[in-house]
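Visitor: I would like to take a close look at a single part of this structure, and I would be grateful for a careful walk through it.

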Amino acid sequence: MKKYEYFEATADIGLKAYGNNIEEAFENAGLAIFNIISDTSGITPERKIEFEVTSEDDVSLLYDFLEELLFYHETEFMLFSQFDVKIDENFHLKAKIMGEEIDWERHERKTEIKAITFHKMAVKKTDHVEVQAIVDL
């Protein structure tokens with residue numbers, strides 16, 4: 001199973017991330033976000049940040065998770081390449097994200113993400129999990 005893919009959205013970019021469970025799908029969504037910004041294969045997971053969020057449903061939890069990733073990217077000046085997500089039945093997420101400080105001399109600069117949008121955001125659970133989001137570039 002592929003981890004993620006992109007789709008076109010007017011002036012934005014959409015992503016679909018996949019996993020055997022919701023946690024793996026969220027982790028792959030994090031990877032997809034940072035591969036829009038840079039090439040994650042060149043990001044060393046040398047620093048860890050942990051955070052928690054609680055939401056009212058899966059879609060809101062996805063939005064909140066992706067917003068937190070952008071928050072830490074922008075406030076800590078970091079790029080992330082590894083994601084460890086745990087979600088309980090009360091829509092409470094605990095994340096450990098690993099990465100390093102941005103060094104545009106060394107890291108590939110791709111596209112800046114301005115915001116996460118709720119437009120067409122979805123979490124689909126079947127025999128696997130698919131999450132979908134659109135980001136504002």
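How many aromatic pairs does the structure hold?

Guide: This is a predicted model, and the structure in it holds eight aromatic pairs. One of them joins Phe71 and Tyr72, whose ring centres lie 5.1 Å apart and whose planes stand at 80 degrees, so this pair is edge-to-face, because planes over 60 degrees apart are given that name. The two partners can also be described by their accessibility: Phe71, at 42% relative accessibility, counts as partly exposed, whereas Tyr72, at 16%, counts as buried, since buried means under 20%. Both residues belong to a cluster in which ring pairs link Phe26, Phe51, Phe65, Phe71 and Tyr72.

To see the surroundings, we can turn to the sheet and the helices. The sheet is open and has four strands in the order E1-E2-E7-E6, with antiparallel pairing; its edge strands are E1 (4-9) and E6 (115-125), each of which pairs on one side only. On average, and with direction ignored, neighbouring strands of this sheet are turned by 20 degrees against each other. Within it, strand E2 (residues 12-19) pairs with strand E7 (residues 129-136) in the antiparallel sense over eight bridges, and Tyr18 has Glu130 in E7 as its bridge partner. Helix H1 (residues 22-37) lies across E1, E2, E6 and E7 and runs at about 145 degrees to E2, while helix H2 (residues 58-76) packs on the sheet, touching E6 and E7, with its direction at about 135 degrees to that of E6.

Conventions: Residues are numbered from 1 along each chain as its sequence is written. This is a predicted model: local features need pLDDT of at least 70, side-chain atom pairs count only at pLDDT 80 or more; totals for chains, interfaces and linings use all residues. Side-chain values use heavy atoms; hydrogens and water are left out. Rings of Phe, Tyr and Trp (its six-membered ring) pair if their centres lie within 6.5 Å; planes under 30 degrees apart count as stacked, over 60 as edge-to-face and the rest as tilted. Buried means under 20% relative accessible area, exposed over 50%, partly exposed in between (1.4 Å probe, protein chains only). Two strands pair if DSSP finds at least two bridges between them. Helices (H or I, at least four residues) and strands (E, at least two) are DSSP runs, numbered from the N terminus. Axes are lines fitted to C-alpha atoms, for helices over the stretch in contact, and angles run from 0 to 180 degrees between N-to-C directions. Contact means heavy atoms within 4.5 Å.
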